[in-house]
Every structure is written in C-alpha cells, then in structure tokens.
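This report covers helix packing and the protein surfaces that face two DNA strands. The sequence and model come first.

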Amino acid sequence: MEPVKKRFWLLDVNYEVKDHSPEIWLWGIDEENKRILIIDRSFVTYFYLVLNEDEKPETVLERVVERKSEFHYITRFEPLKRNLFGKSLDVIRVYCLDPDLIPKYSKALSKVNGVRKCLEDDIRYSMRYLIDNGMTPCGWHEVQVEVEEESKSSRIQIDKVYSAKSVPRRIEREETHPLRVLGFSIICYSQKGAPKPERNPIIILSVATNSGEEKEFLSENYDDKGLIESFIELVKSFDPDVVIGYGTNRQDWQYLLNRSRSLGINLYVDRARTEPHTSVYGHVSITGRANIDLLDFADEFPDIKVKTLENMADYLGVIKLEKRTIIEDVEFPEYWDDPNKRPILLKFAKENTRCIMGIFEALGDFAAQLSQLVGLPLDQIGRAAVGFRVEWYLTRNAYKMGELVPERTERPYIPYVGGEVLAPKPGIHENVAVLDFKSMYPNIMIEQNISPDTYISPSEPTPQSGVNLAPEVKHRFRKEPPGFYNIVLSNLIAAREDIRRRLRNLDPKGIECRVLDARQKAIKVITNASYGYAGWIGARWYIKPVAEATTAWGRSIIRNTIETAKNNGLDVIYGDTDSVFITYDQEKVEEFSKIIEKKIGLEIKPDKIYSCILFTEAKKRYCGLLPNGQMDIVGLEVVRGDWAEVAKDVQEQVLELILKERSPSKAVKFVHKFILNLRERRIPYRDLIIWKTLTKPAEGYAVKAPHVEAAKLLRKEGWDLTVGDKIGYVIVTGSGRLYERAKPYFLASYNEVDVEYYVTNQVIPASLRILSLFNIKEEDLLPPKSSATLFDFMNKD
DNA sequence: GCAGCCCTATTACCT
DNA sequence: ACAGGTAATAGGGCTGCG
C-alpha cells in the first residue's frame with residue numbers, strides 16, 4: 001500500500017514500550033474532522049555522555065564501544081560537538097532503543113573512565129520525540145501514513161488508526177475544527193466531614209457537552225453504581241476530545257476511581273480502554289483525550305482571592321455570584337434528603353457544570369496557545385508550575401541552537417538584592433503620572449546580553465569582543481555573540497509585537513482575534529516569568545550572577561531615571577522597581593520620556609495618570625483616582641484576601657469619601673455608622689469571614705495562629721485539609737488568645753461572633769490606615785455614645 | 001498576673 | 001517548586017511592677 005499524506009492537529013501524545021520497542025501514539029484530528037491515532041515506531045531516542053576536558057573523544061569512544069555488548073538496546077555511539085553554558089564540548093550521543101532502560105544505562109555509562117556525566121537522560125521519550133521533530137501539541141502537522149491493520153483498531157475508540165511512514169512535520173495553519181468538550185462535576189454524600197470514597201456515595205454527577213447536552217445522573221438509594229456506569233456510557237457515546245472539571249486532578253477523578261474500584265467497575269473513559277492515571281506534575285491523564293482541570297488555571301488570576309468555582313466563574317463573567325445558588329458542602333445531606341430541597345441541590349450541581357463550561361470558553365484558547373508555545377501537552381500545561389513552563393520553552397529552543405540541557409541539581413539558597421523601592425511622599429497629590437519601563441528585566445537581559453552562556457566568571461580572561469559590566473555587583477557578560485536568553489527573549493517580544501500589530505486590524509469579536517489574543521497572552525506569561533526563572537535555584541539554567549546582574553542594572557536605571565526627572569523639574573513622589581510616579585505636566589513628561597529612552601535605551605511610557613493619589617508612609621500601598629472616577633487601590637487592605645470584608649468595605653468607602661469628597665469628617669461619620677450597624681449585627685455574616693492559607697501541615701507551625709487552630713477544628717470534624725487550602729474562620733466571643741476564639745465559619749453562628757473584635761481589630765485599623773493622615777485617632781472613630789445607646793447599655797445590667 | 005517592649009513567625013501583597 | 005522588597009498582625013519571651 002502506498003503511504004498517503006495526512007494533516008492533523010495534535011491533541012495528545014503518549015508512548016508504549018512492548019518487548020523493548022517503543023511506539024509513539026499521536027492522537028489527533030484530521031482535516032476531515034476525524035479523530036485519528038498515528039503510531040510512529042521509528043524514533044530512536046538518546047542521551048549524551050559529556051567527556052572530561054583532558055580526554056580525547058576517540059579514546060572514550062573506544063572505551064564505551066568496547067562495552068557495547070553489556071548494553072543490548074544501545075544501537076549506536078555518535079561523537080559530537082555541543083554547547084553547555086556557551087562552551088563547546090565533546091560529547092557522545094548514545095542511541096537507545098528502549099527509552100525505559102535509559103536511567104539504568106546512563107548510570108552505568110557515567111562511571112566509564114573519561115565520562116564526566118550524562119545529560120538529557122531525564123527527558124521523557126514523548127517530549128524528546130516532539131522536540132526533535134519540531135512538533136507542538138495544539139498545532140498542525142503533516143505526515144506520510146499507512147492504515148494500520150484492523151486488530152488494533154478494535155481496542156481503540158477512534159475513527160482511524162495509522163502508522164507513520166515519515167517524520168511528522170509542523171505546518172503553519174491557524175484554524176481548527178471545534179473540539180468536542182465534555183464538562184462534569186460531582187456531589188458526594190457525607191453526613192459528617194469530608195466524603196470518603198470507601199463509604200460515601202456520589203449522589204449527583206452532572207455533565208454538559210459543548211453540543212448543548214446537559215445530564216444529571218443521580219444515585220438510587222445512595223447506590224451510585226448506575227450513576228457511574230451511565231457516566232462512562234455518556235463519555236463513550238459523546239467521545240469528547242477534552243474533558244473538563246474543577247478540582248478534578250486532586251478530587252473528582254480520585255473519587256470516581258476509588259468508587260469504581262469498590263463497586264467493581266472499570267472506569268474506561270479514555271480512547272484506549274485504560275483508566276485515568278496520575279502522571280507528570282500530578283495531572284490525571286486520560287489516554288487519547290485532554291483532561292483539563294480548570295482550577296490549575298486559577299493561579300493566572302491573582303485577583304481571585306479564594307479560588308472557588310463560583311468565584312472564578314464570577315471573575316470571568318460566566319455567571320454573576322449574586323445569581324448563583326450556593327450550597328455549602330456541609331449542607332449537601334440536608335438538601336439531598338429533603339424532597340423539597342433536593343431540586344435546589346440539583347440546580348446547584350447543574351450550575352456548577354455550566355460554570356465549568358463557561359470558564360473553559362473563556363480560557364480554552366489560552367490553554368491551547370500556552371500548550372503550543374511551551375510544547376507541553378494540553379493536559380499537562382495547566383498543571384506545570386511556571387518555572388517548568390519556562391524551562392520547557394527554553395529546552396525546545398536549546399535544541400534548535402545546539403545547546404545541551406543542563407541537569408537539575410540541588411543548590412543552597414543564597415539571596416541577592418532585588419529591585420529598588422522609594423519611600424513615598426505621604427499625603428494626597430494632584431495630577432500624578434506613572435511612567436514605567438516596558439518589560440524592564442527581559443529588556444535589560446537583551447540589552448546587556450545577560451545569559452547563562454554569556455557570563456564570564458571572575459577567573460576567566462576578558463573576551464576580545466568586550467564585556468558588559470554590571471553596576472554594583474560587577475558581573476561580566478560577553479558582548480558577542482548574542483546569548484541564549486537574548487535570542488529567546490528577543491523572539492518572544494518580537495512575536496508578541498507582531499501579533500499585537502495584526503490584532504489592530506482584526507474584528508475584535510472574530511475567532512481569529514480570540515486565538516491571537518490568547519497567543520499574545522501566552523507569550524506575555526512566558527516572557528514575564530523569565531527573570532524569575534533566572535533567579536530560581538531549582539532552574540536547570542540557574543546562574544546566580546544572571547539574576548543578580550539583571551536587578552543591579554534595574555536599580556541603576558531607576559535611580560538614573562529619578563535623577564533625570566528631578567533635573568527636568570519633575571517632582572518624584574514614589575517609585576518601585578521599574579516605575580516612577582511624577583507630577584504630571586504633559587510637555588515636560590513627553591520630553592522626559594524622550595530623554596530617558598535616549599539615555600538608557602529602554603522604552604518608558606506613561607501607564608496611568610491619576611487626577612489625585614493618596615500615599616501613607618508605607619511603600620507598596622496607595623490609592624489613586626483615575627480621571628474617569630475609578631479608584632485604583634494598590635496593596636491596601638481593600639485588595640488583600642486576609643482581611644474580613646467588613647474592614648475592606650469600610651476602607652474603600654473611606655478612600656472614596658477622602659479622594660472624591662475630600663471630607664475626613666464625612667469619612668469619620670461613615671465609620672461611626674458602620675460600627676453601630678456592625679454592633680447590631682446588621683452586616684451579613686459572610687462579611688465577617690477571614691480567609692487565610694494553610695501553608696504547611698497544621699503541626700508544622702512554630703506558633704499558634706487563629707487559622708491553624710480553625711484548621712485543626714475542621715480536621716477534628718472529619719475534613720481533610722492539605723497545604724494550600726484556604727481556611728475561612730470567624731472570631732467568636734470568649735476569653736483567651738485569638739487563636740482560642742477562631743472557628744471555621746460554617747461551624748459557628750452569628751450570635752457567637754465577637755463583633756467587638758471586628759470593630760477593634762478589623763474596621764478601626766483599616767480605617768485608621770487612611771484617616772491617620774488627617775490626624776484622626778482611634779477614639780475619634782468609635783461612635784459617640786448617644787443617650788439612647790448609653791441608656792440601652794445601662795439597662796442591660 | 002499583666003502591661004509594655006521587642007523580636008519572630010506568618011501571610012499576602014507589589015513590581 | 002519563578003525573584004526580592006515590603007507591610008502588617010499576632011504570638012511569645014522577657015522585664016518590671018508591691
């Protein structure tokens with residue numbers, strides 16, 4: 001049979017090894033909108049032996065070739081030149097048929113005389129395949145294929161199985177067929193504490209598809225066997241490309257798997273008759289489909305303080321919080337068992353799934369673009385930490401440039417100096433412009449050619465091309481040739497600029513615009529994380545002077561900028577790392593920008609202009625009023641997630657009265673009234689909840705703290721808590737330390753709450769933060785005792 | 001026993 | 001499991017106090 005040309009969009013990749021022969025499985029969608037599997041048996045993987053500098057490559061080659069018989073699945077040794085941190089090295093590339101034997105082989109071969117170490121022996125086979133062939137998940141490719149014999153196709157749920165007869169090649173093509181997306185959420189039944197799959201059933205499994213189907217499977221008399229079977233059946237018949245949920249990696253899939261196991265069901269929801277399994281970065285993999293946990297993308301939105309499904313949906317404009325039916329976990333049994341309330345629980349479950357579908361609509365393009373840019377499969381990209389995303393992007397580029405990927409090593413943490421922060425001038429300032437340097441750190445790295453491979457250690461002689469010498473820290477970087485980071489960052493910045501240019505001429509509502517906008521966002525995320533990556537001790541390409549020199553240049557630039565502003569008659573009010581806050585005078589500011597760009601070589605632009613701005617004495621905390629009347633609150637309690645809503649609301653009102661009405665007295669009166677309301681418990685209970693993250697196991701704390709004690713109470717009630725969970729608690733009346741009076745909010749009632757704590761420790765400090773600028777004292781904020789309240793007070797005894 | 005002081009642990013923010 | 005710089009609170013140890 002003649003091979004035919006096949007074009008396909010790559011959804012997922014996995015590999016299998018049978019009798020030491022590996023197969024790459026490429027799951028894709030072809031031009032006819034068919035789901036296809038292409039099996040490639042031709043790719044031989046490899047790793048490198050790095051040789052000692054005093055050794056001749058031929059000698060070491062002889063030594064390893066001599067021992068080849070010990071390594072049955074090694075096919076070839078290939079001497080090559082490669083770069084490591086910019087230095088040319090002699091290496092031997094060791095080709096190995098069975099990827100699973102590489103750890104064993106590399107360990108043995110690293111002990112051969114003349115071999116310094118092995119490199120790239122820790123790159124997964126499937127990633128090696130994609131990188132070496134220039135392939136990207138969520139991108140189009142072209143390959144010669146033959147139809148695979150029928151025997152295999154029976155096990156695989158797919159339109160057609162092919163075997164690759166050529167190396168797949170990436171092709172440029174933007175449009176995609178619409179993916180089939182299935183979203184689901186579950187509700188479990190537990191009378192007390194967290195549901196346990198060994199004993200508590202799933203009572204509702206709610207499913208939706210992007211073809212508009214919605215289904216709710218219910219348990220019958222707390223028996224969820226039929227529910228799970230119906231779910232499996234639906235997945236099979238709809239045959240989704242993408243499966244989505246919220247918290248599914250850690251929760252739902254584990255629960256479903258454990259329930260299935262105890263009920264004797266095989267949870268076959270993939271395309272190859274295997275069960276979901278946990279894999280790299282802790283993502284749950286469903287062979288042939290992309291399983292996406294939208295919770296993994298919540299980190300992209302720091303404005304969402306408590307990362308619940310409803311908060312994320314609210315933030316992304318899927319469904320407003322006020323319109324949602326919210327039922328706490330503790331209430332599930334009550335709602336399920338009461339026939340009058342059950343419909344509300346069903347509605348809640350359905351809304352959860354709708355939120356999931358809506359969030360994916362808002363984020364799916366971004367996820368796919370990030371996956372394509374970084375090169376990690378769609379089901380892994382969300383789960384991979386920022387550092388690993390950057391690292392995979394670098395790894396791909398290193399391959400193209402003949403740079404070896406360094407090994408991951410443990411290093412001691414030694415801090416270095418970061419950005420410069422100015423003490424602000426306290427008070428209210430009129431007409432203030434904020435100018436900031438665009439992508440300051442990446443641009444410094446480019447401008448000064450800062451990179452792991454351009455760094456010249458103190459022991460090395462100055463290269464002929466000369467060096468850039470960092471201020472203060474005196475690290476040196478060769479001027480020529482352009483470094484690894486220089487090239488990679490220049491490409492990223494140029495690509496983003498290009499996209500933004502194209503976007504200007506497109507219909508903002510069009511599909512092309514959505515995809516391009518998602519792509520430029522993905523590029524921005526990787527670009528912005530590059531400096532942090534460079535300073536991360538866990539980074540493969542970590543060289544401390546790289547990060548240290550970048551911030552040193554940054555400090556020098558901002559100081560220079562401040563000096564220049566002053567010399568040009570501009571008053572500098574504040575500055576942080578890459579920004580300066582100056583008095584706004586259009587002509588002077590324009591002139592100033594030009595001078596700076598000329599002097600420093602980096603672009604500086606007015607980001608915002610405030611009609612007025614308020615600073616206390618603290619750095620990193622201010623509130624500016626934009627010309628449209630909108631308030632921009634930075635760093636203050638209002639934007640913090642660990643203050644009760646009461647404190648945040650009052651502070652925001654105070655700021656408004658101060659900045660818009662310029663009336664401290666109105667602000668004081670407002671606080672008085674608020675405190676009276678609070679004491680009367682006329683403020684919603686949920687506004688009293690304080691949320692704090694559990695950052696270590698409850699026992700690991702050196703001191704007792706309210707949220708930790710609240711967490712212990714939760715655990716006693718049977719709730720599982722893990723590091724990273726947010727604990728919502730309230731302070732109740734009683735004696736002793738605060739931590740003795742903290743209670744999880746859903747285990748306490750409003751009449752137990754110590755409202756005086758909220759007056760003294762929440763509302764007053766948050767208000768005073770602003771009002772002390774106007775000489776207002778704590779006493780001034782407590783409501784004056786009117787005769788009525790005094791009377792009430794005396795009557796109480 | 002507790003107010004006052006100082007230091008430390010902890011969290012969440014800014015760029 | 002991307003960086004350092006910063007503010008703020010509560011805990012906890014200590015001193016001094018009839």
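Val646, Ala647, Val650, Gln651, Val654, Leu655 and Ile658 of helix H17 are in contact (heavy atoms within 4.5 Å) with Tyr758, Gln762, Val763, Ala766, Ser767, Arg769, Ile770 and Leu771 of helix H20. This is a predicted model, in which local features need pLDDT of at least 70, side-chain atom pairs count only at pLDDT 80 or more, and totals for chains, interfaces and linings use all residues. Residues are numbered from 1 along each chain as its sequence is written, chains are lettered from A and ligands numbered from 1 in the order in which they are written, and side-chain values use heavy atoms, without hydrogens and water.

**Helix packing**

By class, the contact of H17 with H20 has 11 nonpolar, three polar and one charged residues. Here Ala, Val, Leu, Ile, Met, Phe, Trp, Tyr, Cys and Pro count as nonpolar, Asp, Glu, Lys and Arg as charged, and the others, Gly among them, as polar. Helices (H or I, at least four residues) are DSSP runs, numbered from the N terminus. The axes of H17 (residues 645-659) and H20 come within 9 Å and cross at roughly 25 degrees. Axes are lines fitted to C-alpha atoms over the stretch in contact, and angles run from 0 to 180 degrees between N-to-C directions. H17 and H20 are therefore roughly parallel; angles under 35 degrees count as roughly parallel, over 145 as roughly antiparallel, 65 to 115 as roughly perpendicular and the rest as oblique. The crossing of H17 and H20 is right-handed, meaning that the near helix is turned clockwise from the far one by less than a right angle.

Helices H12 (residues 440-447) and H13 (residues 484-504) have axes that come within 8 Å and cross at roughly 130 degrees, so the two are oblique to each other. Their crossing is left-handed. H12 contributes Pro442, Asn443, Met445 and Ile446 to the contact, and H13 contributes Tyr485, Asn486, Leu489, Ser490 and Ile493. Six of these residues are nonpolar, three are polar and none is charged.

**DNA strand B**

DNA strand B is surrounded by 21 residues, of which the closest are Asp578, Gly635, Gly641, Thr695 and Tyr701. A residue is near a strand if one of its heavy atoms lies within 4 Å of it. Of the atoms of DNA strand B that come within 4 Å of the protein, 93% belong to sugar and phosphate. The surface near DNA strand B has nine charged, six polar and six nonpolar residues.

**DNA strand C**

Around DNA strand C there are 31 residues; the closest are Gly418, Gly532, Lys619, Lys704 and Tyr739. Sugar and phosphate make up 86% of the atoms of DNA strand C within 4 Å of the protein. The surface near DNA strand C divides into 19 nonpolar, six polar and six charged residues.

**Polar contacts with the DNA**

A polar contact is a pair of N or O atoms within 3.5 Å. The table lists such pairs for both strands.

| Residue, protein atom | DNA atom | Distance |
|---|---|---|
| Lys305, side-chain N or O | strand B, phosphate oxygen | 3.0 Å |
| Thr693, side-chain N or O | strand B, phosphate oxygen | 2.8 Å |
| Tyr701, side-chain N or O | strand B, phosphate oxygen | 2.6 Å |
| Ala529, polar backbone atom | strand C, base oxygen | 3.4 Å |
| Lys704, polar backbone atom | strand C, phosphate oxygen | 3.1 Å |
| Asn761, polar side-chain atom | strand C, phosphate oxygen | 3.3 Å |

Helices H11 (386-401), H14 (511-534) and H20 (755-771) are the elements that give two or more residues to the surface near DNA strand C.

Notes:
Polar contact = N/O pair within 3.5 Å; in protein donor to acceptor, adjacent residues only side chain to side chain.
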